Amino acid sequence: MARDAASFSSDEEDDHRNLIHQNDTKPVSPGEHRAAAFDVEDFESRIGGDRRPKLAKLAFNKRYLFAVFLPIFIVVLYFTADLRGLFSYNVSSIKAGSFGDRMRESELQALYLLRQQQLGLLTLWNQTFRDLGADQNSSLSGSNSSEINKGHQSLVSSSASFAEFKSAVLKQISLNKEIQDVLLLPHQSGNLSAEGAGDVGFANFGGYGFDRCKKVDQRFSERRTIEWNPKSNKFLLAICLSGQMSNHLICLEKHMFFAAVLNRVLVIPSSRVDYSYHRVLDIDHINQCLGRKVVISFEEFSEIRKNHLHIDRFICYFSLPQHCFVDDEHVKKLKNLGLSMGKLESPWVEDVKRPSKRTVQDIQAKFASNDDVIAIGDVFFADVEQEWVMQPGGPLAHKCKTLIEPSRLIMLTAERFIQTFLGKDYIALHFRRHGFLKFCNAKKPSCFYPIPQAADCISRVVERANTPAIYLSTDAAESETGLLQSLIVVNGKVVPLVKRPASNSAEKWDALLYRHGLQDDVQVEAMLDKTICAMSSVFIGASGSTFTEDILRLRKDWGSASVCDEYLCQGEEPNFIAGKK
């Protein structure tokens, strides 16, 4: 035992000498070291030392270790465990955790919205300087001869830019309010609701003209009109052969103008040689709007002239490339109606590919006649007083919004569909595809856009209009509409494309059509599509399509046209165009 102690002391002395040498401090004698060192044997000798049995020394060591580690264990337990939670069920702690979760969720959402606001403000900042640079370049490159015209364009451009600026500012204000609402949401509980706290001053912005897609003021009071006072025994048979239903409706509108200029009653074509107009139009509506009998069906005309169904003069507006577009087949159909006629004639040389601008005086001079029954055809491409004819409400004096409009049954069905699927605010899209590729590529620039480019253009309009849904009127294949749907994303959300669903007995929005035998009629469905599009908040049309043009006419006449209405990708060219064979 003494040898072991001596050995232990010698080892410790060597170690300390090494440490002292390394630290370069004063050496310590072995005696001093032994006195300073913690010696278990000396400590034991003070309390009994060698007289205690070894078992007592072992028990003492355990008590000592227990005394040392117990406080450490208590400290660790105190900081790592909720002692109160071990013995009590605290509901408030659960509520606090739930509140904290809601706070964290709101803060993350607010951060995302703040990021969106930052991007919006940066875009507005860059756009401002881009417009400023464009204005400076324009002012430096002007010429005296075009100064007035450029001044007008600059005024229009400035007005449009200011409207864009106002709209962008309003959008950021709205986004800021949304951020406030998100941050306040976790604090809304019980009677202490923060609702409305973020609305201070916001409700007053409605009166400052911030509606980016406001309705167009059509100035109906400034319309230039002509009275239609026909002689009851003078008739004009409308001949419309070019294109499909939309073309025929435009042709019919021009015929009404001709009939008013020539003081004649207009006879609507028979369904045996043309479309069934009575299924899509309300003929009596036209007469009621003018307060007199100005339009009659072919059946009514046949009853009036049953003893003498004869066309006294058949006048062709166009002489080239073919008189009136009337071929032998159509002449045969007219004769099958019991009509007799003379030779087709044209008062002038007029090419359908290069129509000349004509006036009311030209029509009166070339088409006026004392004959009881005349026929004029086809006037779809006729360029007669174009601005007068195409003005809102049309060229004729009447007491309605428009004369040629969908039947009451179709209008009601459209309203029921909108109430069921769309609501008040929606964009309508006429997405013409079938047969449009070849037609558009023959034009310069082309009007046929790749799906991704079209989706980008549509998304921009949706963002500007801030509408939740798009009504899709299209003849496109499902493969195209499916891709289009997946690509129309605004603010991280897919904007749904809504199409008229297949007939379902559980749905009642189209019950009126079934009740009156109008279901599964292609022309009725086309007119229903037009009506839904014409009632939309914003309309995106297909350039070059008369279906789109007729929708624009209805929107203009009904007063539903928006400043955001446009053709698809208006002002852009397709980013890829196929070659010609």
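# Helix 17 and its surroundings

Good morning. The buried residues of helix 17 pack against strand 11 (427–431), strand 12 (470–474), helix 18 (478–487), strand 13 (489–490), strand 16 and strand 17 (566–567). I begin with this helix and then turn to other parts of the structure. Please keep in mind that we are looking at a predicted model.

Helix 17 covers residues 451–465, which makes 15 residues. From its first C-alpha to its last, helix 17 reaches 21 Å, close to the 21 Å expected at 1.5 Å a residue. Which residues of helix 17 are buried? They are Ile 451, Gln 453, Ala 454, Ala 455, Cys 457, Ile 458, Ser 459, Val 461, Val 462 and Ala 465. After the helix comes Asn 466, and the phi of Asn 466 is positive, near 60°.

Two other residues of helix 17 deserve attention for their charges. As a general point, side chains of opposite charge can pair when their charged atoms come close. In helix 17, Asp 456 and Arg 460 form a salt bridge, with 2.7 Å between the closest N and O atoms. Both residues belong to the helix and stand four residues apart, about one turn. Asp 456 counts as partly exposed because its relative accessibility is 43%. Arg 460 is also partly exposed, at 36% relative accessibility.

Arg 460 has a further partner. Its side chain meets that of Glu 572 in a salt bridge of 2.3 Å, N to O. Since Glu 572 lies in the segment after strand 17 and Arg 460 in helix 17, this pair ties together parts that are 112 residues apart in sequence. With a relative accessibility of 27%, Glu 572 counts as partly exposed.

Let us place these pairs in the wider list. How many salt bridges does a search of the whole structure find? The search finds 20. Another one of them joins Arg 279 and Asp 521, whose closest N and O atoms are 2.6 Å apart. This pair links distant parts of the chain, 242 residues apart. Arg 279 is in helix 9 (residues 277–280), while Asp 521 is in the loop between helix 19 (511–515) and helix 20 (522–534). Are the two partners buried or exposed? Arg 279 is partly exposed, as its relative accessible area is 23%. Asp 521 has a relative accessible area of 16% and is therefore buried, the limit for buried being under 20%. There is also a network of salt bridges that links Lys 530, Asp 550, Arg 553 and Asp 557.

I now move to the start of helix 21. Ser 545 sits in the loop between strand 16 (538–541) and helix 21 (546–558). Its relative accessibility is 2%, so Ser 545 counts as buried. A polar atom of the Ser 545 side chain lies 3.2 Å from the backbone nitrogen of Phe 547. If we set aside neighbours within four places in sequence, Ser 545 is in contact with His 430, Arg 432 and Phe 436.

His 430 appears again when we consider Thr 548, a residue of helix 21. Thr 548 is buried, because its relative accessible area is 0%. The side chains of Thr 548 and His 430 are joined by a polar contact of 2.6 Å. Not counting residues up to four places away in sequence, Thr 548 touches His 430, Phe 539, Gly 541, Ala 542 and Tyr 567.

For contrast, I turn to the surface. Leu 108 has its place in helix 6 (residues 91–140). At 59% relative accessibility, Leu 108 counts as exposed, since the limit for exposed is over 50%. Together with Leu 111 and Leu 114, Leu 108 forms a nonpolar patch on the surface, with about 310 Å² of accessible area in total.

I close with the protein as a whole. Its secondary structure comes to 21 helices and 17 strands. Of its 581 residues, 38% count as buried. The protein exposes about 34900 Å², and carbon and sulfur atoms supply 55% of that area. What share of the contacts between residues at least 6 apart in sequence join residues at least 24 apart? The share is 80%. The salt bridge between Arg 460 and Glu 572 gave us one pair of residues set far along the chain from each other, at 112 residues apart. Thank you for your attention.

Terms used:
Residues numbered from 1 in each chain as written. Predicted model: local features only at pLDDT ≥ 70, side-chain atom pairs only at ≥ 80, totals over all residues. Heavy atoms only, no water. Buried < 20%, exposed > 50% of the residue type's maximum accessible area, 1.4 Å probe, protein only. Polar contact = N/O pair within 3.5 Å; in protein donor to acceptor, adjacent residues only side chain to side chain. Contact = heavy atoms within 4.5 Å. Expected span 1.5 Å × (residues − 1). Patch = residues over 30% accessible without salt bridge, like charges linked within 9 Å, V, L, I, M, F, W, Y side chains within 5 Å. Areas by Shrake-Rupley, 256 points an atom, 1.4 Å probe, with all protein chains shown as cover. Salt bridge = Lys/Arg side-chain N within 4 Å of Asp/Glu carboxyl O.
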